[in-house]
Amino acid sequence: MKKSSLKDSIQFVKGVGPKRFQLFRKMNLETIEDCLYFLPHRYEDRSRVVNISELTPDEVSTFQGEIIHSGATPLGRRRKIYEVLIEDPTGTVQAKWYKFNSKYMEQKYAVGQKVVVSGKPTHGRSAFAGLEIIHPVVDTLSGEDSDSLETGRVVPIYSITEGLHLKTLRKIMKQVVDNFAPATEEFFPEDLRRRNDLMDRSKAFAQAHFPDPDVSGADLDAFKTPAQRRLIFEELFLILLGLAFKKRLAGESSDGVPLKTRGETIRKFVRLLSFDLTGAQKRVLTSIMSDLESARPMNRLLHGDVGSGKTLIAMVALLTAVDNGFQGALMAPTELLAEQHYLNLHPFCQEIGVNLALATGTLRPKDRKIILENVEAGEIQIVVGTHALFQKDVRFKNLAVAVIDEQHRFGVRQRETFGKKGPSPHVLVMTATPIPRSLAMVLYGNMDVSVLDEMPPGRKEIVTKLFFQNRRDQAYQFLRGELEAGRQAYVVAPLIEESALVDLKTVQEIHQQLQHDLFPERRVEIIHGKLKKEDRQELMANFKAGKIDILVATTVIEVGVDVPNATIMIVEHAERFGLAQLHQLRGRVGRGGHASHCLLVAYPPVTEEGKARLETMVKSSDGFVIAEKDLEIRGPGDVMGARQSGLPSLRVANLVRDVREIETARNEVQTLIEQDPKLEKPEHQKLKQALFDVWGDGMDLTNIL
Ligand code: ADP
Ligand code: MG
């Protein structure tokens with residue numbers, strides 16, 4: 001078949017036609033190729049079909065049979081229930097619906113109809129009645145089309161638009177895949193495919209839509225099967241390759257400062273540490289140091305979960321600047337975090353003889369002026385601060401390294417402003433829960449990314465539990481137990497004043513209740529963003545020293561606070577917090593050798609989204625999983641704004657889920673360009689064509705290649 005046929009309209013595939021074609025267009029599916037790239041968002045394993053006699057209560061199973069009775073029966077005085085009795089050679093089972101449309105049911109479930117049923121059997125009311133299944137998923141099989149599409153296999157589930165049935169779409173997809181997947185051409189050179197273990201393109205399309213029964217269900221759901229991985233890699237590779245050429249057209253920026261790494265200051269610093277670096281820290285530092293040695297300014301995102309030891313990485317980068325006679329800046333999202341960073345780093349800097357200063361928005365004008373003068377004069381070697389550092393009046397003498405901590409609080413624009421202070425500094429952005437926007441920067445902004453995927457040894461798991469308002473007492477009962485064991489606690493409240501949302505418990509109210517009613521014998525203190533810096537620092541110092549038992553706080557403690565003896569956190573009104581925020585908050589506990597707890601207290605009514613967020617927190621403690629869920633719950637939208645900017649948007653890959661593939665693909669792009677800078681070699685011609693195909697008119701690739 002000709003390659004061009006992939007660009008043919010889907011309208012002429014059997015079963016589509018002009019009317020359905022409109023529905024396909026709604027889903028951005030116009031051509032055969034669009035459909036091939038439209039992968040199922042999940043799969044259902046119906047490959048194991050059991051006999052009715054094998055059904056076990058409470059176990060979701062799939063079986064096949066014939067309807068031998070069908071009809072509505074009264075349930076009480078007003079309601080009715082629809083019952084369908086299904087039989088196979090080994091027995092019968094009853095299916096029941098409490099909500100139904102009689103006419104539809106009678107038609108769909110006529111006696112004699114063959115069906116495939118998927119559901120969870122339970123024991124019926126009476127012991128003699130046998131098993132029943134409430135509201136099962138039923139596929140009716142009609143004669144010749146009782147083929148293997150709906151049963152006896154792993155079944156693809158596509159996201160559909162209203163008016164289009166999943167079964168219909170599945171049938172059309174099967175045709176598209178059977179007829180056109182074999183016609184797709186492999187365009188990756190052999191060596192690249194071998195290195196990355198990439199499945200052949202035709203096979204990948206076929207397997208991604210209709211997987212073989214022996215493919216792991218877990219891998220499928222995680223989009224990690226060879227077929228899915230191949231298509232994800234292909235998409236990312238073509239985008240990155242195009243961007244690389246585009247960048248070459250714009251001219252590679254090389255106005256950064258090449259720094260000598262591993263110098264004396266770094267050595268001194270590392271000797272002061274009381275622990276060994278984790279393997280991941282060493283690996284990440286190797287990448288960062290090679291960035292710093294280059295005249296191309298570093299532009300790197302570091303993802304490391306809460307507690308993975310990002311500060312140390314930041315410190316090495318900053319000290320490298322100092323070692324070369326330049327300045328470094330560390331920027332935090334909140335005043336408190338900036339202060340904590342300052343306090344943490346201060347002893348090291350003093351020991352090594354590095355001049356460190358804190359420059360936040362709350363400084364007295366006089367102090368601020370002095371600090372700013374010293375920054376400009378180059379007296380101060382490392383500045384720690386918040387947004388204040390962005391303000392125009394901060395001028396560095398020679399800023400070479402800028403580190404931005406917990407980027408999820410910043411917009412990308414702020415980041416850019418920061419990047420423009422003085423000659424282009426090396427920029428490192430650190431985050432625990434990557435947001436799609438920053439990952440979009442990784443892909444489209446050609447940012448490098450490193451992952452700290454190893455925790456320092458001895459970390460204890462944090463157990464997260466959800467309490468609704470009516471069980472709030474139990475949460476505090478638990479907290480009491482921890483205090484009695486000598487531990488300390490955080491209680492987080494969402495707001496500082498009653499003004500915004502009157503029904504929210506304010507910090508003051510909670511503090512009042514804890515100090516006076518629940519824990520009169522304990523020291524309970526309150527900390528929030530509106531306190532004076534000195535007061536806040538004193539509170540934190542006292543908490544760290546164990547003089548305060550319970551710290552009631554607003555989200556100022558969200559990031560950066562490090563008190564190992566604090567083992568329990570209660571989050572009030574947890575339903576109001578975003579996922580990333582909750583994850584950051586939770587990271588404040590579990591920092592010592594003791595088991596730790598995070599108790600979420602939710603106040604009804606809780607929205608569906610809110611419930612999904614809370615459940616995610618209870619189930620997962622992995623920042624990346626949480627970021628992925630967040631994306632799922634909120635929906636991705638056009639996060640990267642790719643559509644407007646003429647960049648190819650993602651059809652298969654997912655920025656959060658596939659961030660590691662971005663790195664792999666980027667490395668391969670680099671290798672390819674070094675081998676064949678203009679894609680002239682015969683073995684790269686198909687790839688070049690694929691590149692033009694993907695980028696269309698989005699850029700002037702023909703001028704470069
Ligand atoms: P985050 O990535 O959340 O910013 P931090 O940098 O604050 O994490 O590190 C959390 C804690 O782990 C700190 O107390 C830090 O001193 C400690 N830490 C960092 N690296 C190591 C390591 N390699 N071994 C042991 N402890 C470490
Ligand atoms: Mg941190």
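Helices here are DSSP runs of H or I with at least four residues, numbered from the N terminus. With that in hand, the second largest cavity of this predicted model can be placed: α5 (190-196) and α23 (659-675) each supply at least two residues of its lining. The space inside comes to about 40 Å³, and the count for the model is two cavities of 30 Å³ or more. Around the second largest one sit Pro189, Asp191, Leu192, Arg195, Glu668, Leu672 and Gln675. Sorted by class, that lining has three nonpolar residues, one polar and three charged.

On to the open spaces. The second largest pocket holds about 850 Å³. Its lining runs to 32 residues, and the ones closest to the centre are Phe275, Gly309, Thr311, Asp562 and Arg591. Two helices, α11 (310-323) and α12 (335-352), each put at least two residues into this lining, with α12 giving the most, at five residues. As for chemistry, the pocket lining splits into 13 nonpolar, ten polar and nine charged residues.

Then there is the sheet. Six strands make up an open sheet with parallel pairing, and the order reads β18-β23-β22-β19-β21-β20. The edges belong to β18 (462-468) and β20 (524-527); each has a single partner strand, so one side of each is left without a neighbour in the sheet. On average, and ignoring direction, neighbouring strands here are turned by 20° against each other. At the β18 edge, the partner is β23 (residues 596-602), which runs parallel to β18 and is joined to it by seven bridges. Within that pair, leucine 466 stands opposite leucine 600 of β23.

Helices lie across this sheet too. Helix α17 (residues 507-518) lies across β19 (488-492), β20, β21 (550-553) and β22 (566-572), and runs at about 170° to β20. Helix α20 (residues 608-619) lies across β18 and β23, at about 150° to β18.

The loop leading into α20 has a backbone quirk of its own. Going from proline 604 to proline 605, the peptide bond is cis, with omega near 0°. Proline 605 belongs to the loop between β23 and α20.

A further parallel pairing involves β17. Strand β11 (residues 299-304) pairs with β17 in the parallel sense over five bridges, and leucine 301 faces valine 449 of β17 across that pairing. Strand β17 (residues 448-452) is mostly covered, with five of its five residues buried. In a regular strand, side chains alternate between the two faces of the sheet. For β17, Asp448, Ser450 and Leu452 point one way while Val449 and Val451 point the other way, and all are buried. Burial here means under 20% relative accessible area, and both sets of side chains in β17 meet that cut-off.

Two residues stand out for their phi angles. Histidine 573 is not a glycine, yet has a positive phi of about 55°. Histidine 573 sits in the loop between β22 and α19 (579-586), and its relative accessibility is 3%, so histidine 573 counts as buried. Leucine 679 also has a positive value in a residue other than glycine, with phi near 50°. Its place is the loop between α23 and α24 (685-695). At 0% relative accessibility, leucine 679 is counted as buried. Helix α23, just before that loop, is one of the helices that help line the second largest cavity.

Lastly, a pair brought together from separate parts of the sequence. Glutamate 534 and threonine 362 are 172 residues apart in sequence, while their C-alpha atoms are 10.0 Å apart in space. Glutamate 534 is part of helix α18 (residues 533-544). With 41% relative accessibility, glutamate 534 falls into the partly exposed class.

Conventions:
Residues are numbered from 1 along each chain as its sequence is written. Chains are lettered from A and ligands numbered from 1 in the order in which they are written. This is a predicted model: local features need pLDDT of at least 70, side-chain atom pairs count only at pLDDT 80 or more; totals for chains, interfaces and linings use all residues. Side-chain values use heavy atoms; hydrogens and water are left out. Two strands pair if DSSP finds at least two bridges between them. Axes are lines fitted to C-alpha atoms, for helices over the stretch in contact, and angles run from 0 to 180 degrees between N-to-C directions. Contact means heavy atoms within 4.5 Å. On a 1 Å grid over the protein atoms alone, a cavity is a set of points where a 1.4 Å probe fits but cannot get out, and a pocket is an open set with protein on both sides within 12 Å along at least five of seven lines; lining residues have an atom within 4 Å of a point. Grid points are joined across faces, edges and corners, and a volume is the space filled by probe spheres set on the points. Ala, Val, Leu, Ile, Met, Phe, Trp, Tyr, Cys and Pro count as nonpolar, Asp, Glu, Lys and Arg as charged, and the others, Gly among them, as polar. Buried means under 20% relative accessible area, exposed over 50%, partly exposed in between (1.4 Å probe, protein chains only).
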